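Visitor: Got a minute to go through this one with me? I'd like to start with a single residue and work outwards.

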Amino acid sequence: MKQYILLLVLMVMGAGMTVHAEDVNPVKVGNVISGHIIEKGTEASLPYATILIVETGQGTVSDENGEFVFKKIPAGKYTLRVQLLGYETQEKKVTVSNDFTVDIHFLMNDDSILTDEVVVSANRNEVSRRVAPVVVNVMNSKLFETVNSTDLAKSLNYQSGLRVENNCQNCGFPQVRINGLEGPYSQILINSRPVVSALSGVYGLEQIPVNMIDRVEVVRGGGSALFGANAVGGTINIITKDPVSNSFQVSSTLSNMNGKVWEQYMGANASLVSKDNTYGIALYQSYRNRNPYDADGDGFSELGKLNMNTFGLRTYYRPTQFSRISLEYHTTNEFRRGGNKFDLEPFETDITEQTKHVINSGGLSYDIFWKEYKHKLSFYSSVQHTDRNSYYGAQQNPDAYGKTKDLTWVVGGMYVGNFEKVLFSPATFTAGMEYQNNSLHDIMLGYYRDMKQDVRIAGGFVQNEWKMNRFILLAGFRVDSHNLIDNPIFSPRVNLLYKPTDKFQARLTWSTGFRAPQAYDEDLHVTAVGGEGVLIKLADGLKPEHSNSFSGSVDWTANIGHWQTNLLLEAFYTGLDDVFVLEKIGQDEQGNTVKERRNGNGARVYGVNLDGKLAHGRDVALQVGFTVQRSRYTKYENWSEDENVKPTKFMPRTPDYYGYFTLTSAPFKNFDMSVSGVYTGRMHVPHLAPDFSVIPENYEYSYIRKDELVHTPDFFDLNLKLNYTFVLNDHIKLQLNGGVQNLFNAFQKDLDKGGFRDSGYFYGPTQPRTYFIGVKITN
């Protein structure tokens, strides 16, 4: 009997060894691609490289020996693309046969400055950044790690031409400016879909955790108008993580702001992919809790209380080799509150701004290819629903509660065709149609405000991209029919790329755009200077804002000995006509302030963005960016309701000089460090006086007597982070990290105090000196 048992055990072990051997060394049969990823020069195997079959979208990751395999690939010609952080992206053509295995090797060149990333925001198609017809800057997980950011708002300062500011001491409303233009001039996309509405855009940057993001693509100016003509300032396209391999990551960070209050962050990611790449799913979860921070000891918060949970997923299924269905979903539950007396109900305090958000978003797309993947047809839909309960009030106002429901959805279809010749050269033709709808219902019964707003946009776009030896010419247009505008808006754009070598690109861009009138946007966010409600109406005959944008750039890459360098210099100009302005026209029967949105004159924004990169392998890498610009109205504009206050030509809250830098170094095998900083130049910021008729005579704080346009000081925000990584086994790594953000505590010194403060008078760095420690486990 023992002999039979021993024989059975040996048979099972042998079967297991056979299966394992088959996984490691695939049998040389047909319809298989196998390969090896190697570092050029050292011949060392490179694990965890991403290998993608471009035509089908199938992906895998090289194992610990740098090897990979694709099975059950139909016979035909394909393009393999290999990407690994710190190395140049490579592509090779392969021909798959029914009779034998294709074996291919990739020798990877070092590319620490990341100039050859794949982007989609230039023309709606995946292309190398080097041949994109417009300048596309990319932020990825490496930058998020370097600057220790937990959400998108903390990351965007590290691109030239971009600046994130906090516009409110109470609620912490973050806003991004691109090339000096405020938030409503920029379009935020999630996986190339415009589902971020005016309401969700108020706090949206802080509600997107970085552990859901694969990369962020930024197009400055209107060069990416194909995604929407209202992208006057630029486009921020958030690409969420797609399942590529079986992996997981767990991280946690504990922070302390200036020795006063604590903040906790926890994040988790997991990705599962089937062996044959037929289906996959990526999951993410994040939690964040921040206590309110009072910088000046007056009992009122400069950074409010924040509690946020986010969960999401992105998954795909391939019904056939030539089609793919993708599904994404994410949900956010957020509570934020600023003001004072946090242990009391909002209506029992001097000032409270409080919101509770429940946000659900999702998207579905279907892609189908034919004729050896030269043609592609895509259908897509995305939706976002926001349910918000709020309180914006002061001086124990029981009427300041509100409720808002917001639904945004978009459906569309797009065709992409690659042709051997269109007129005079090979070309890629892209055309599509999409329909957007935004329905908002905002209620504040105490202010007798019950506002409904419906925005409907039907759009179509066409472009052709001619690809010549040294030139790429892209010409296209978008037509939008907007229910708040009488006539359709025609928005053309032209882009020209000159590329004599892979190391040098020069670009010229011209585009037009518009910004449609609507009653609800950030202007309706009540800052509670005196606790009064604000109602906004549209003036009769209100016209949309129109823009003309021009830019020119040169992008040069060179190797100097063992050092890699890259320099990007971009000049930009945007002219705005019929700029929207808000003017107080009186009060309604309930005593609420009524403002009217009218057309003002124009504005001109122009300047230069500079980006520089220098790297010596992974030993040390430096990236710097700086912007010099002017943002001026064409005529003097009133910024205050006080007739005795002088108008200005300066666009408020826009410095003429700002920039950033990041420096990373890995002096030892398991130890690395980073230093980063953000510079904000002087700017003009409105400082509003309170309504003295409602302030008690013996109130302890003093206030300015008249509205002032303050010329602020400049700031430099310096950060330091240290990391040490323990290799627990071949697959699992444990990283311990710690550091200081805003090392020298560069923070606004002249904050308003007390219950009648101008909470909108807030500028400079968005958080004080902050100490942090963290842990991360990855496989």
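Visitor: Which strand does L610 lie in?
Guide: L610 is part of β34, which covers residues 603-616. Keep in mind that this is a predicted model.

Visitor: And is L610 buried, exposed or partly exposed?
Guide: Partly exposed, because its relative accessibility is 34%, and the partly exposed class runs between 20% and 50%.

Visitor: What does L610 touch, if I skip residues up to four places away in sequence?
Guide: L610 touches S160, then L567, L568 and L569, and also V624, G625 and F626.

Visitor: How far is L610 from A571?
Guide: In sequence, L610 and A571 are 39 residues apart. In space, their C-alpha atoms are 8.8 Å apart.

Visitor: OK, switching to T770. Where is that one?
Guide: T770 is in strand β43, residues 770-778.

Visitor: Why does T770 count as buried?
Guide: Its relative accessible area is 3%, and buried means under 20%, so T770 qualifies.

Visitor: What polar partners does the T770 side chain have?
Guide: One is the side chain of Q767, in a polar contact at 3.0 Å. There's also the backbone oxygen of P768, 2.9 Å from a polar atom of the T770 side chain.

Visitor: And which residues does T770 contact beyond four places in sequence?
Guide: T770 is in contact with S255, N256 and M257, plus G739, V740 and Q741.

Visitor: Let's do cores. Which residues touch the most other members in the largest nonpolar core?
Guide: That core has 28 residues, and the ones touching the most other members are L152, L156, I213, V216 and I238.

Visitor: Which elements give two or more residues to it?
Guide: One helix label and five strand labels to look up: α2 (141-146), β11 (162-166), β12 (174-178), β13 (186-190), β14 (213-220) and β15 (234-240). β14 gives the most, with three residues.

Visitor: You listed L156. What's around it, leaving out residues up to four places away?
Guide: L156 touches M139, L162, V164, V176, L205, V216 and I236.

Visitor: What about the second core, how many residues there?
Guide: It's a separate core of 22 residues, including I33, A49, V96 and F106.

Visitor: I33 sounds like a strand residue. What is its bridge partner in β7?
Guide: V102 is the bridge partner of I33 in β7. Strand β1, residues 33-39, is joined to β7 by seven bridges, and the two run parallel.

Visitor: What's the strand order in that sheet?
Guide: The order is β4-β1-β7, an open sheet of three strands with mixed pairing. β4 (67-70) and β7 (102-108) are the edge strands, each pairing on one side only. From one strand to the next, the twist averages 20 degrees.

Visitor: Now zoom out. How many helices and strands are in the chain?
Guide: Two helices and 43 strands. The radius of gyration is 28 Å, close to the 28 Å the globule rule gives for 779 residues, so the chain is as compact as a globular protein of that length.

Visitor: And what box do the C-alpha atoms fill?
Guide: Roughly 100 × 70 × 55 Å, along the principal axes.

Visitor: How much of the chain counts as buried?
Guide: 57% of the 779 residues.

Visitor: Last one: among contacts between residues at least 6 apart, what share joins residues at least 24 apart?
Guide: That share is 66% for the protein chain.

Notes. Residues are numbered from 1 along each chain as its sequence is written. This is a predicted model: local features need pLDDT of at least 70, side-chain atom pairs count only at pLDDT 80 or more; totals for chains, interfaces and linings use all residues. Side-chain values use heavy atoms; hydrogens and water are left out. Two strands pair if DSSP finds at least two bridges between them. Helices (H or I, at least four residues) and strands (E, at least two) are DSSP runs, numbered from the N terminus. Axes are lines fitted to C-alpha atoms, for helices over the stretch in contact, and angles run from 0 to 180 degrees between N-to-C directions. Buried means under 20% relative accessible area, exposed over 50%, partly exposed in between (1.4 Å probe, protein chains only). Contact means heavy atoms within 4.5 Å. A nonpolar core is a set of buried Ala, Val, Leu, Ile, Met, Phe, Trp, Tyr and Cys residues joined through side-chain atoms within 4.5 Å. A polar contact is a pair of N or O atoms within 3.5 Å; within protein, one must be able to donate a hydrogen and the other to accept it, and residues adjacent in sequence count only if both atoms are side-chain atoms. The radius of gyration is taken over C-alpha atoms; the globule rule is 2.2 Å times the number of residues to the power 0.38.
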